[in-house]
Amino acid sequence: MRLAVLASGTGTNFKAIAQACQSGDLNAKCSLLITNRHCGAIDIASQLDVSAEVLQPNNYNNYNLWDHEVSELLQNHNINLVILAGFLKKIGPKVLHNFSGKILNIHPALLPKYGGAGMYGENVHRAVIQAGEKVSGSSVHWVTENFDEGPIVNQFTVTVEDDETPESLSLKVRSKEPAFYVETIKQVLSGLK
Ligand code: GRF
């Protein structure tokens with residue numbers, strides 16, 4: 001089983017997944033990291049000896065060419081499961097078609113609420129707090145053509161305290177996500193989810 005991780009940020013989730021593959025905790029090889037910009041995840045890939053490619057959409061004449069390139073790269077590496085971990089570009093139709101039902105994402109809220117365009121980073125936690133929610137969490141879901149709308153695979157919850165801030169809620173959720181994502185991928189790979 002060959003995994004590719006797509007990331008745009010610090011790469012905390014990518015690191016946990018790549019390390020779990022290397023330790024044998026996940027019965028898979030983390031074969032490839034793709035990012036859409038220079039970011040922390042690239043440094044982690046070089047530390048962990050995972051092939052990394054930066055595919056910046058601006059370097060392509062249009063979005064479809066970028067989408068095509070992402071798809072080719074995944075296919076050339078014989079990827080079986082695509083893991084989005086803080087990837088901020090929309091997955092294109094070519095990748096969706098070629099990896100239908102094989103793309104997972106993690107979103108830092110309890111979907112189906114607080115997902116969709118613009119709902120990333122602290123925007124999500126701010127919306128949760130403003131709505132007066134007492135519980136938030138994180139969701140792993142299958143990726144479909146609309147942001148954050150595919151079938152939910154697994155969720156965990158955290159309590160939203162009365163004095164919670166977007167920053168504190170983000171920290172609380174982020175501290176639990178990497179181990180949770182690894183565990184969920186393990187269940188997906190063993191057919192339990
Ligand atoms: C995570 O909070 C995830 O839920 C969201 O993006 C963040 C990625 O963080 N989709 P990192 O780059 O793995 O540290």
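Where is the place of P112? I looked this up at the start of my notes, and I found P112 in the loop between β5 (103-107) and α5 (122-130). I keep in mind throughout that this is a predicted model.

**Entry: the cis bond.** I then checked the peptide bond that leads from L111 into P112, and I found that it is cis, with omega near 15°. I note beside it that most peptide bonds are trans.

**Entry: the chain as a whole.** I counted the elements of the protein chain and arrived at six helices and seven strands. Reading along the sequence, I wrote down their order as β-α-β-α-β-α-β-α-β-α-β-β-α. For the dimensions, I have the C-alpha trace spanning about 50 × 40 × 30 Å along its principal axes. I also looked up the radius of gyration, which is 16 Å, and this agrees with a compact globule, because one of 193 residues would have a value near 16 Å.

**Entry: surface, burial and charge.** Of the 193 residues in the protein chain, 49% count as buried. The accessible surface comes to about 9,400 Å², and I noted that carbon and sulfur atoms account for 46% of that surface. Turning to contacts between residues at least 6 apart in sequence, I found that 65% of them join residues at least 24 apart. For charge, I recorded 16 positive and 19 negative side chains, with the centres of the two sets 3 Å apart.

**Entry: S138.** I went next to strand β6 (residues 135-142), where S138 lies. Is S138 buried or exposed? S138 has 0% relative accessibility, so I entered it as buried. Its side chain reaches the backbone oxygen of H107 at 3.2 Å. Setting aside neighbours within four places in sequence, I listed the contacts of S138, among them I106, H107, P108, A109 and L110, and I added that N154, Q155 and F156 are also in contact with S138.

**Entry: P108.** Since P108 is one of the residues that S138 touches, I looked it up as well, and I found it in the loop between β5 and α5. P108 counts as buried because its relative accessibility is 17%, which falls under the 20% cut-off. Leaving aside neighbours within four places in sequence, P108 is in contact with V124, H125, S136, G137, S138, V173 and E177. I also checked P108 against Q130, and this pair is 22 residues apart in sequence and 16 Å apart in space, C-alpha to C-alpha.

**Entry: T184.** I moved on to helix α6 (residues 166-189), which is the place of T184. With a relative accessibility of 0%, T184 counts as buried. Which residue's side chain makes a polar contact with the side chain of T184? I found that it is N154, at 2.9 Å. Not counting residues up to four places away in sequence, T184 touches V140, V153 and N154, and I noted that N154 is also among the contacts of S138.

**Entry: R37.** I looked for R37 and found it in the loop between β2 (29-35) and α2. Its relative accessible area is 38%, so I recorded R37 as partly exposed. The side chain of R37 reaches the backbone oxygen of S8 at 2.8 Å. Apart from neighbours within four places in sequence, R37 is in contact with S8, I42, V54, Q56 and L88. For the pair R37 and Q56, I wrote down a separation of 19 residues in sequence and 5.7 Å in space, taken from C-alpha to C-alpha.

**Entry: positive phi at D49 and N78.** I closed with backbone angles, keeping in mind that most residues other than glycine have a negative phi. D49 is not a glycine, yet it has a positive phi of about 60°, and its place is in the loop between α2 (40-48) and β3 (51-54). D49 is exposed, as its relative accessible area of 72% shows. What is the phi of N78 near? I read a value near 50°, which is positive in a residue other than glycine. N78 is found in the loop between α3 (63-76) and β4 (81-84), and at 52% relative accessibility it counts as exposed, the cut-off for that word being over 50%.

Methods. Residues are numbered from 1 along each chain as its sequence is written. This is a predicted model: local features need pLDDT of at least 70, side-chain atom pairs count only at pLDDT 80 or more; totals for chains, interfaces and linings use all residues. Side-chain values use heavy atoms; hydrogens and water are left out. Helices (H or I, at least four residues) and strands (E, at least two) are DSSP runs, numbered from the N terminus. The radius of gyration is taken over C-alpha atoms; the globule rule is 2.2 Å times the number of residues to the power 0.38. Buried means under 20% relative accessible area, exposed over 50%, partly exposed in between (1.4 Å probe, protein chains only). Contact means heavy atoms within 4.5 Å. Accessible areas come from the Shrake-Rupley method with a 1.4 Å probe; for residues, only the protein chains shown count as cover. Lys and Arg count as positive and Asp and Glu as negative; His and the chain ends are not counted. The place of a charge is taken as NZ of Lys, CZ of Arg, CG of Asp or CD of Glu. A polar contact is a pair of N or O atoms within 3.5 Å; within protein, one must be able to donate a hydrogen and the other to accept it, and residues adjacent in sequence count only if both atoms are side-chain atoms.
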